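Student: Could you take me through one part of this structure closely? I would like to look at a sheet, strand by strand.

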Amino acid sequence: KKERKKERKKMNESFSNEASSPVTMEEEGHYVVTAHKSGGVLLSTKCNFLGGDDTMEIIIAKSNRLEIRQYTTSTSPPSSPHLFPLLHTIPLNGRITSLTPLSYPSSNTSYLFCTTERFQYCVLSYNPSITPYPIQTHASGSLRNYGCAVMGGSGSATQSHASEGGPLVSLEPNYKCLALHLYHGFLTILPLNKAYDATKYKLKRQVGVHGGPLQDPFHVRLEERTILSMTFVECDCKKMPQLVLLHQDCRGFQHVSGHVVDIKGKKLLSSSSSSPQSSQSLDRKEGGESVPPSSDIFKKSKVDGGSSLLLSIPPLDKSSGGGGGVLIAGQTQLTYYHAAYGITKVYPMPPTLLLSFSFLTPTQSDVEEG
């Protein structure tokens, strides 16, 4: 016991001496962090972003950056051994939630409409004269300030709840408007300014500035509970666009319903009502555009329970003026549905989780082999 007490005293004395003496040793610390870029694919689209004659680009969104990859439509062999060689990488300030190509008559290249998880938006295009990133911004800002925020109550500063399925964006095939589902129970229609010319317009960030690529939006109410996906159906440009929704009810069943968008009247026309007056009202003309007949409005109940995407399929014969159909992508099957022709076909597939898609134009060799 006495020896143990002596050892403890010696240890205490040594500790006290070390604490009182000045520190002569310096320790070096290292902070190590990986520099690997995000690799998860969120969205993808195909457009003529770089302006090539015989090439198209595949735009892939990975977290906060865009990858521009080349897709050659000619039969000549590609110069790179990769199927989609990487051409450019564009960083964005925010996590990308939507990616939509736009087209304007004044430009021979496509524009990109992007939104982020903090409800920021931007309209971008490729300009090789700008360095180090050859990207030109035509419009940018906050969707809340632009007029896409739905306020809760009269004079209230409280915003509505964000949509459960996340922000959804769909482009009308004839480039008439964009449909945005940002808040629960509301749909925002954002008309496009086809007369926009980048050479005659300077970037302004004020709200409601005329002359830019986007016009003033308007809001409409939605009866559907939870919107999972939405897409416009391809149709004649003389007809009003039809927006098809994939939604889920309170019991967990999933359904497909269509709405005709009246851009000039700033409202939705639907055949969901059973009254004969509402069904006849879909056959009239408004603002010079004809309304699709009620038989062409999409409506299908209880589709595959694992469905998560709607894909717009172009019509087989565009000269006839008929509209296209939709492809309902589920976890174990693909369902093709055409309202006008009453066609429903189911294609089984292995269990798959689909996140994004892009339509690729087949080459001449593919057509001959097919």
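Tutor: Here is a close look at one open sheet and its edge. This is a predicted model: local features need pLDDT of at least 70, side-chain atom pairs count only at pLDDT 80 or more, and totals for chains, interfaces and linings use all residues. Residues are numbered from 1 along each chain as its sequence is written, and side-chain values use heavy atoms, with hydrogens and water left out.

Start with the order. The open sheet has 4 strands, arranged β9-β10-β11-β12, with antiparallel pairing. Strands here are DSSP runs of E, at least two residues, numbered from the N terminus. Two strands pair if DSSP finds at least two bridges between them. β9 (168-171) and β12 (218-221) are the edge strands, and each pairs on one side only. From one strand to the next, the twist averages 25°. Axes for such angles are lines fitted to C-alpha atoms, and angles run from 0 to 180 degrees between N-to-C directions.

Now go to the edge at β12. Strand β11 (residues 186-191) is joined to β12 by 4 bridges, and the two run antiparallel. Look across the pair. Phe 186 stands opposite Arg 221 in β12. Leu 187 stands opposite Val 220 in β12.

Next, the faces. In a regular strand, side chains alternate between the two faces of the sheet. On β12, Phe 218 and Val 220 make up the covered face. His 219 and Arg 221 make up the uncovered one. So Leu 187 faces a residue of the covered face, Val 220.

Note on methods: Buried means under 20% relative accessible area, exposed over 50%, partly exposed in between (1.4 Å probe, protein chains only).
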